[in-house]
Amino acid sequence: MAKHARKPYLRPMTEPTSLQDFVDRHQRLFVLTGAGCSTNSGIPDYRDREGNWKRQQPVTYQAFMADEATRRRYWARSLIGWQRFGRARPNAAHRALARLEQMGRSELVLTQNVDRLHQAAGSDRVIDLHGRLDLVRCMGCERKTTRDELQQELARLNAGWIDLDAGDAPDGDADLETNDFSAFTVPACRHCEGVLKPDVVFFGESVPKPSSMPPRAICSRPTAC
């Protein structure tokens with residue numbers, strides 16, 4: 001019996017193939033994106049190609065919630081970093097994924113990024129697994145406000161900090177060269193005086209429970225996400 005030719009969609013995943021070839025062979029794509037998708041938009045990533053940290057590890061959820069000094073440091077750096085992060089625009093990768101969705105080829109984009117650049121590029125079927133940096137959540141009453149609104153309040157209360165020079169860091173952070181944040185003022189929630197936190201998943205924090213996430217937006221290993 002003659003040996004049948006192997007069908008393209010049955011090729012083993014170990015066989016060398018181009019990205020274009022892979023996309024052409026699959027009609028329904030599930031796309032997972034991380035920090036590397038946004039670096040060409042000017043947003044730095046945390047790790048190098050070998051997976052090593054490029055800088056000190058980011059603040060943890062536990063430290064942010066337990067320590068007022070940590071919150072002062074976080075929001076002082078964020079005050080400066082948000083000015084550039086908030087102006088970031090989609091790059092070619094974001095636009096290409098948006099086109100795939102428009103062509104009916106991309107079923108879903110699951111992103112670990114918090115910059116909303118997939119949505120800005122035109123993608124609708126996106127799950128922000130780690131939240132959104134453009135929103136701020138009160139940890140007391142759960143009310144949400146925009147990051148731009150808080151930026152105005154932070155700048156009003158800390159006018160002398162807004163023009164300090166600092167390099168860009170991942171996720172709207174800034175490498176602010178000072179160790180004294182005691183004079184920085186962090187506003188509380190206007191409704192309940194609760195702690196304000198970016199509406200993102202910090203290191204050491206679990207992703208939201210399934211009941212508060214869109215369908216299928218469930219991380220099977222919350223402690224690893």
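# A tour from Asp128 outward

Select Asp128 to begin: with a relative accessibility of 16%, Asp128 counts as buried (buried means under 20% relative accessible area, exposed over 50%, and partly exposed in between, with a 1.4 Å probe and protein chains only). The model is a predicted one, in which local features need pLDDT of at least 70 and side-chain atom pairs count only at pLDDT 80 or more, while totals for chains, interfaces and linings use all residues. Residues are numbered from 1 along each chain as its sequence is written, and side-chain values use heavy atoms, with hydrogens and water left out.

**Stop 1: Asp128 and its partner**

Which side chain meets that of Asp128 in a salt bridge? Add Arg116 to the selection: the N to O distance of this salt bridge is 2.6 Å. Asp128 sits in strand S3 (residues 126–128) and Arg116 in the loop between strand S2 (106–111) and helix H5 (117–121), so the pair ties together parts 12 residues apart in sequence. Arg116 counts as partly exposed, at 24% relative accessibility. A salt bridge here is a side-chain nitrogen of Lys or Arg within 4 Å of a carboxyl oxygen of Asp or Glu. Side chains of opposite charge can pair when their charged atoms come close. Helices (H or I, at least four residues) and strands (E, at least two) are DSSP runs, numbered from the N terminus.

**Stop 2: Gln112, in the loop between S2 and H5**

Now select Gln112, which is found in the loop between S2 and H5. Its relative accessibility of 38% makes Gln112 partly exposed. Measure from its C-alpha atom to that of Leu129: the two are separated by 5.5 Å, although the residues are 17 apart along the chain. Apart from neighbours within four places in sequence, Gln112 is in contact (heavy atoms within 4.5 Å) with Leu32, Thr33, Gly34 and His130.

**Stop 3: the whole chain**

Zoom out and colour by secondary structure. There are six helices and eight strands, and from the N terminus on they run α-β-α-α-α-β-α-β-β-β-α-β-β-β. Of the 225 residues in the chain, 39% are buried. Among contacts with a separation of 6 or more, 66% join residues 24 or more positions apart. The chain exposes about 13,700 Å², and carbon and sulfur atoms supply 50% of that area (Shrake-Rupley method with a 1.4 Å probe; for residues, only the protein chains shown count as cover).

**Stop 4: two more salt bridges**

How many salt bridges does the structure hold? There are 14. One of them joins Arg25 and Asp21, with the closest N and O atoms 3.4 Å apart. Both residues lie in helix H1 (residues 19–25), four residues apart, which is about one turn of the helix. Arg25 is buried, at 15% relative accessible area.

Move to Arg137 and Asp199, whose side chains meet in a salt bridge at 3.1 Å, N to O. This pair links distant parts of the chain, with Arg137 in strand S4 and Asp199 in strand S8, 62 residues apart. Arg137 is buried at 14% relative accessibility, and Asp199 is buried at 13%. Add Glu142 and Lys144 to the selection: salt bridges that share partners join Arg137, Glu142, Lys144 and Asp199 into one network.

**Stop 5: helix H6**

Select residues 147–157, helix H6; its buried residues are Arg147, Leu150, Gln151, Glu153 and Leu154. Look down the axis of H6: the buried residues fall within an arc of 170° (taken over the directions from the helix axis to the C-beta atoms), so they line one face of the helix. What do they pack against? The buried residues of H6 pack against helix H3 (68–85) and strands S4 (131–138), S5 (144–146) and S8 (196–200). The face of H6 turned away from its buried side carries the exposed residues Gln152 and Arg156.

**Stop 6: the cysteines**

The structure holds zero disulfides (a disulfide being a pair of cysteine sulfur atoms within 2.5 Å). Cys189 is in none, and the nearest cysteine sulfur, that of Cys138, is 3.7 Å away. Cys189 is buried, at 5% relative accessibility. For Cys192, the closest cysteine sulfur is also in Cys138, at 3.4 Å, too far for a bond. Cys192 is partly exposed, at 36% relative accessible area.

**Stop 7: confidence**

Finally, colour by pLDDT, the predictor's confidence in each residue from 0 to 100. The chain has a mean pLDDT of 84, and 83% of its residues reach 70 or more. Among the elements, H5 has the highest mean pLDDT (98) and strand S6 (residues 167–168) the lowest (78). Over residues 212–225 pLDDT stays under 50, and the model has 17 contacts beyond four places in sequence for them. Where pLDDT is low, the predicted coordinates should not be read in detail.
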